Amino acid sequence: MASLLRHLTVDCADPHALATFWAAVLDGSLARDDFPGDPEASVTSAGTALLFVRVGEPKTTKNRWHVDLRPRDRTRDAEVRRLLALGATLHEDHRRADGSGWVTLRGPEGNEVCVERSAGER
């Protein structure tokens, strides 16, 4: 039998703050026992579990992996606006005149997040 992916672990400077951001992005929730200042925080949402762990070193280079998001109940552009309002910043805009493409954002600690078109837009 194959292994089960329990959660994705993200090294970060402020686990609670980053987990709060991702809980909002994924419409998920933090664990009841996660508080500001804790060395780790976890987020669960439909089909996804994330664990944020404090590390002392800051991010210095490009991610080895990044998250691609596909909105479920809104357009790509509406999702980009929502994530910017949550604290993400625009990194690169790869949208094309024909409506295809994606937008690369950076989360609160600088990790790249791509927002693709929704299924309805494809």
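How are H1 and H2 oriented to each other, roughly parallel or roughly antiparallel? The points below take up this question in the predicted model and then turn to the two sheets and the residues around them.

1. Helix pair. Helix H1 (residues 15-25) and helix H2 (residues 76-86) have axes that come within 10 Å and cross at roughly 155 degrees. Angles over 145 degrees count as roughly antiparallel, and H1 and H2 are therefore roughly antiparallel to each other. The crossing in which H1 passes H2 is right-handed.

2. Residues at the helix contact. From H1, the residues Phe21, Ala24 and Val25 take part, and they meet Glu79, Arg82, Leu83 and Leu86 of H2. Sorted by class, this contact of H1 with H2 contains five nonpolar and two charged residues, with no polar ones. In an α-helix, residues three or four places apart point the same way, because there are 3.6 residues a turn.

3. Burial of H1. Eight of the eleven residues of H1 are buried, so this helix is largely enclosed by the rest of the structure. The buried residues are Pro15, His16, Leu18, Ala19, Phe21, Trp22, Ala23 and Val25. Of the H1 residues that meet H2, Phe21 and Val25 appear in this buried set.

4. The residue after H1. Just after H1, aspartate 27 takes a positive phi of about 55 degrees. Most residues other than glycine have a negative phi, and aspartate 27 is thus worth a reviewer's attention as a positive value in a residue other than glycine. Aspartate 27 is located in the loop between H1 and E2. Its relative accessible area is 67%, so aspartate 27 is exposed.

5. The sheet of E1 to E4. An open sheet is formed by four strands in the order E1-E4-E3-E2, with mixed pairing. Strand E1 (8-12) and strand E2 (29-30) are its edges, each pairing on one side only. E2 is joined to strand E3 (residues 40-45) by two bridges in the antiparallel sense. Across this pairing, serine 29 has threonine 44 of E3 as its bridge partner, and leucine 30 stands opposite valine 43 in E3.

6. Serine 29. This residue belongs to strand E2. With a relative accessibility of 38%, serine 29 counts as partly exposed. Beyond its neighbours within four places in sequence, serine 29 is in contact with Ala23, Ser42, Val43 and Thr44; one of these, Ala23, is among the buried residues of H1. The C-alpha atoms of serine 29 and valine 43 are separated by 5.4 Å, although the two residues are 14 residues apart along the chain.

7. Strand E3 and its hairpin. E3 also pairs with strand E4 (residues 48-54), in the antiparallel sense and over six bridges. Glutamate 40 stands opposite valine 53 in E4. The hairpin of E3 and E4 has two residues between the strands, and in it glycine 47 takes a positive phi near 80 degrees. In a regular strand the side chains alternate between the two faces of the sheet. E3 has a covered face made of Ala41, Val43 and Ser45, while Glu40, Ser42 and Thr44 make up the uncovered one. Thr44, the bridge partner of serine 29, thus belongs to the uncovered face of E3.

8. The sheet of E5 to E8. Four strands also form an open sheet in the order E5-E8-E7-E6, and the pairing is mixed. Its edge strands, each pairing on one side only, are strand E5 (67-69) and strand E6 (89-93). On average, and with direction ignored, neighbouring strands of this sheet are turned by 30 degrees against each other. Strand E7 (residues 103-106) and strand E8 (residues 112-115) run antiparallel and are joined by four bridges; leucine 105 stands opposite valine 113 in E8. H2 packs on this sheet, where it touches E5, E6, E7 and E8, and the direction of H2 makes about 10 degrees with that of E7.

9. Serine 118. This residue lies in the segment after E8. Its relative accessibility is 8%, and serine 118 therefore counts as buried. Residues up to four places away in sequence being left out, serine 118 touches Arg70, Pro71, Arg74, Thr75 and Arg76. Of these, Arg76 lies within the residue range of H2 (residues 76-86).

Technical notes:
Residues are numbered from 1 along each chain as its sequence is written. This is a predicted model: local features need pLDDT of at least 70, side-chain atom pairs count only at pLDDT 80 or more; totals for chains, interfaces and linings use all residues. Side-chain values use heavy atoms; hydrogens and water are left out. Axes are lines fitted to C-alpha atoms, for helices over the stretch in contact, and angles run from 0 to 180 degrees between N-to-C directions. Angles under 35 degrees count as roughly parallel, over 145 as roughly antiparallel, 65 to 115 as roughly perpendicular and the rest as oblique. A crossing is left-handed if the near helix is turned anticlockwise from the far one by less than a right angle, and right-handed if clockwise. Contact means heavy atoms within 4.5 Å. Ala, Val, Leu, Ile, Met, Phe, Trp, Tyr, Cys and Pro count as nonpolar, Asp, Glu, Lys and Arg as charged, and the others, Gly among them, as polar. Two strands pair if DSSP finds at least two bridges between them. Buried means under 20% relative accessible area, exposed over 50%, partly exposed in between (1.4 Å probe, protein chains only).
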